[in-house]
Amino acid sequence: MTRTHRIASIPGDGIGPEVVRVARSALDLLAQQEDFSIDWADFDWGSEFYRQYGRMMPESGLDELAQTDAIFFGAVGAPDISDAVTLWGLLIPIRREFGQYVNLRPAKHVDGLVGPLKDPAGIDLMVVRENSEGEYSELGGRFGRGTPQEFASQDAVFSRHGIERITRYAADLARERSERITSVTKSNGIIHSMTFWDEVVGEVAAEYDDLEWRSVLVDAMSAELVLKPQAHDVIVCSNLFGDILSDLASATIGSLGLAASGNINPERTAPSMFESVHGSAPDIAGQGIANPLAQVSSAAMMLEHLGEQSAAKRLNDAVDSMLRSGQVTQDLGGSLDTKGAEEALLAVLSQ
């Protein structure tokens, strides 16, 4: 029998609809070729929905998403609406309600890519970002608004449970790759939460003594990702550090337009969500020049998560083929627009 996957599609804001359309075209073609089917559930949630209804998604939104096998997310964010509304009204509730505590962000150099580094060959790393707590907690507040004494407080939350499970996930991933893992910390400046992170990571590391472990301060790690990114494979980070370092890692291979991600529920008790890292990019929205490859690579991650290994590999290989041949958009030094990139991608998949 043909395998069927019910996938929620939330194109969202800015260039989200443009890049999601390209990725969906590739997914639909692969489904025909690989004998599975996709039952798309389309949702028009985002900033325009907020302008109409005062919410980023309906009250029933999470219940509707819970009925799907995966969530394919474009982007969220608009210049005229606070991120506190857009992100905390749509993206973050999905991550937290569905237990997507792992954020996977790969960065891999492909021959033919022109980037800022003199020698990017061999870059192939995976940032494993803790996705549910850390610095991005909801604890804190504002005092004395509008007065000279106004201040804001923001509390970071690090639990033993949260650190243990993200570290074990990263360690298991390292066993499948090069057996090298780096924990990013800042315990020389953040006395409580980061020393706790180091202690718990150290306890988990003792259970995986077959791996090569390093602990690197986040400022030093920023330098290493520029000077010697090939020295790293799996990198496990807190929420904030992972968010920042994964953008830097993507820049080293040429463009944030290549940065894919998966928000993973490892226990599969709820759907996982797959999205490009670059966001809504309102400065280029509607111009037809957005690079769709980050969204396409996110689609490959989704296929792999759904068990469609052959289709995932073919999609990744197609992206690599485009990068090697120079069939890329302007941000990568090519001449293609978004539509041209879609046509090139479908042509490779049809060969």
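**Strand β11 and the cores**

Biologist: In β12, which residue is the bridge partner of Gly262?
Modeller: The model is predicted, so local features need pLDDT of at least 70 and side-chain atom pairs 80 or more, while totals for chains, interfaces and linings use all residues. Residues are numbered from 1 along each chain as its sequence is written, and side-chain values use heavy atoms, without hydrogens or water. Strands β11 and β12 (residues 272-276) run antiparallel and are joined by four bridges. Across from Gly262, the partner in β12 is Phe274.

Biologist: Which residue of β4 stands opposite Gly262 in β11?
Modeller: Strands are DSSP runs (E, at least two residues), as helices are (H or I, at least four), numbered from the N terminus. Two strands pair if DSSP finds at least two bridges between them. Strand β4 (residues 102-108) pairs with β11 in the antiparallel sense over three bridges. Opposite Gly262 stands Leu104.

Biologist: How many residues of β11 are buried?
Modeller: Buried means under 20% relative accessible area, exposed over 50%, partly exposed in between (1.4 Å probe, protein chains only). In a regular strand the side chains alternate between the two faces of the sheet. On one side of β11, Ala260, Gly262 and Ile264 are buried, and on the other Ser261 and Asn263 are too. The count for β11 (residues 260-264) is five of five.

Biologist: Which helix gives the most to the largest nonpolar core?
Modeller: A nonpolar core is a set of buried Ala, Val, Leu, Ile, Met, Phe, Trp, Tyr and Cys residues joined through side-chain atoms within 4.5 Å. The largest has 80 residues, and Leu323 is among those with the most contacts inside it. With eight residues, the biggest giver is helix α1 (residues 16-34).
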